[in-house]
Amino acid sequence: MEHTKAATGGQIGINSLKLLLALDALLREGSVTGAAASLGMQISSVSRMLGELRRLYGDPIFIRTGRGLKATPFAESLRLRVRSLAEETDALLKGEAWHPNVFDPAPVLIRPAAPGQWQQRSRVSPPPLAVTRGDSLEAEPTAAGIARRMARIGSNSDPHRRLAKYIALTSSGPGRSRPLETEEAQDAMAIILRGEADPVQVGGLLMTLHYRGTTALELAGFACAIRNAATIHLKSEDRPGLDWPVYVSPRWRSPPWFIHAARLVAAAGHRVIMHGHFGNGSDSGKLETAAGQAGILVCTNSTEITAALRGRNIAFVPLGAFAPQVHAMLNLYPLLETRTPINQVVPLINPFTARASLLGAAGGYSKDLYRQVIEALQMDRVTLVSSTRSFAQVVPTRATTILRILRGCEDKITVPAQPKLSGGGGLSGFTQQEYWQAVWSGAARDKEAEATVILTAAAALLSVSTDPSPGFAQALQQAVDLWAERRR
């Protein structure tokens, strides 16, 4: 996105100054209401100024989330510059533009006291008060001070110091912190992946970013670092056609119908790699068990993956097999009782450089964030499925949005919700695992489960296609045919 209007400049007037001060307040407060209170203005006025800023820069500036306004990567890049300008403006308005180091009060005129009066000033006037502006103090966390301290920590500094720098940059407080650039985020994650970080630093960085909200550029940097550190690499001729990440919360207790959908795509002749994780509890091997029972080989090295792709067009690779340090970070959940940026980044890593990716995005904000990461990583064939979970599975009873991104062009498809479909009348004496297998074999009929498999397979088939013209209806019909022929 180009921001030429702001870059080329124009006549700087009072309105421009007001806009910059409004942008500073919005970045500090994270809401129009808070910014209006900070500036002593009406909410409607600040809202209007936000609209002007958007038109001026050609950028949304903020995206609305459940936590308030979330600054775009472009707006974040302006944060410290705008804060410095706001501080200097404040100094100018207070008559401090020349940065005095000494306060010199007006001279005192000493008059003799009237006869019979005590009131007489001392002959010794108060001395000038020696002062130093806050932005000249090393310990004062101003924008200029932060920049000076951070500049001393270069790319060749000790890993602990570099990681400390990145934590400080992201956690100095409203108006003083900034997001990491892609290269900084990549370096920070690379330090952690090499085991060079102190455990306090790992927790500090992850939780600071989680609380503030991870940006697209930070996630892109993390993804690059994880790809580079992957312990399994495939030859170019064995490159898969579809990357299918399945990182599932252990609290999710439904059958993994998406595995049956992946089987259909492999049966159509496309090479599919599924990689994922299911917590660290007693059932942490659920996905591996399901893959094995579906005839999908669970692979832990390049030789096994190559054999599986050549022989069956499909393989399942546990996260710990190619990114053990990332696996360890995901398993910090019991210590933190919350998700971290690692949960957001693992679906995006495409560790085996597949030609296309099928992702699940929970919520509108996640979808917008993933779109920005996809652009930053220059991923040219991605399909995003709106979901309540962080993996791609289309549920027929809920309207689903499928966003197909092909070489920078976007195609949005809405799959309408279907009426309540008949199931198999409960598990009918089966365990959940047995019922999941029975639906595939035909021993149990469940229209809702079958529709889930078919619709999910259609989304995957759309993802692997290189033709920009075919619609979802064509992929859906192919999935229906594959389902009908599955046992053969």
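This short talk goes through salt bridges, a hairpin and the nonpolar cores of one predicted model.

Because the model is predicted, local features need pLDDT of at least 70 and side-chain atom pairs count only at pLDDT 80 or more, while totals for chains, interfaces and linings use all residues. Residues are numbered from 1 along each chain as its sequence is written, and side-chain values use heavy atoms, with hydrogens and water left out.

Let me start with the charges. The structure holds 14 salt bridges, each a side-chain nitrogen of Lys or Arg within 4 Å of a carboxyl oxygen of Asp or Glu. One of them joins arginine 28 to aspartate 24 at 3.0 Å, N to O, and both residues lie in helix α2, residues 14–29, four residues apart; helices here are DSSP runs of H or I, at least four residues, and strands are runs of E, at least two, numbered from the N terminus. Aspartate 24 is buried at 4% relative accessibility, whereas arginine 28 is partly exposed at 23%, where buried means under 20% relative accessible area, exposed over 50%, and partly exposed in between, with a 1.4 Å probe and protein chains only.

Turning to the hairpin, strands β11 (400–406) and β12 (409–415) pair in the antiparallel sense over seven bridges, pairing requiring at least two bridges found by DSSP. Arginine 407, in this hairpin, takes a positive phi near 50°.

Finally, the largest nonpolar core has 58 residues, with Leu163, Phe322, Val326 and Met329 having the most contacts inside it; such a core is a set of buried Ala, Val, Leu, Ile, Met, Phe, Trp, Tyr and Cys residues joined through side-chain atoms within 4.5 Å.
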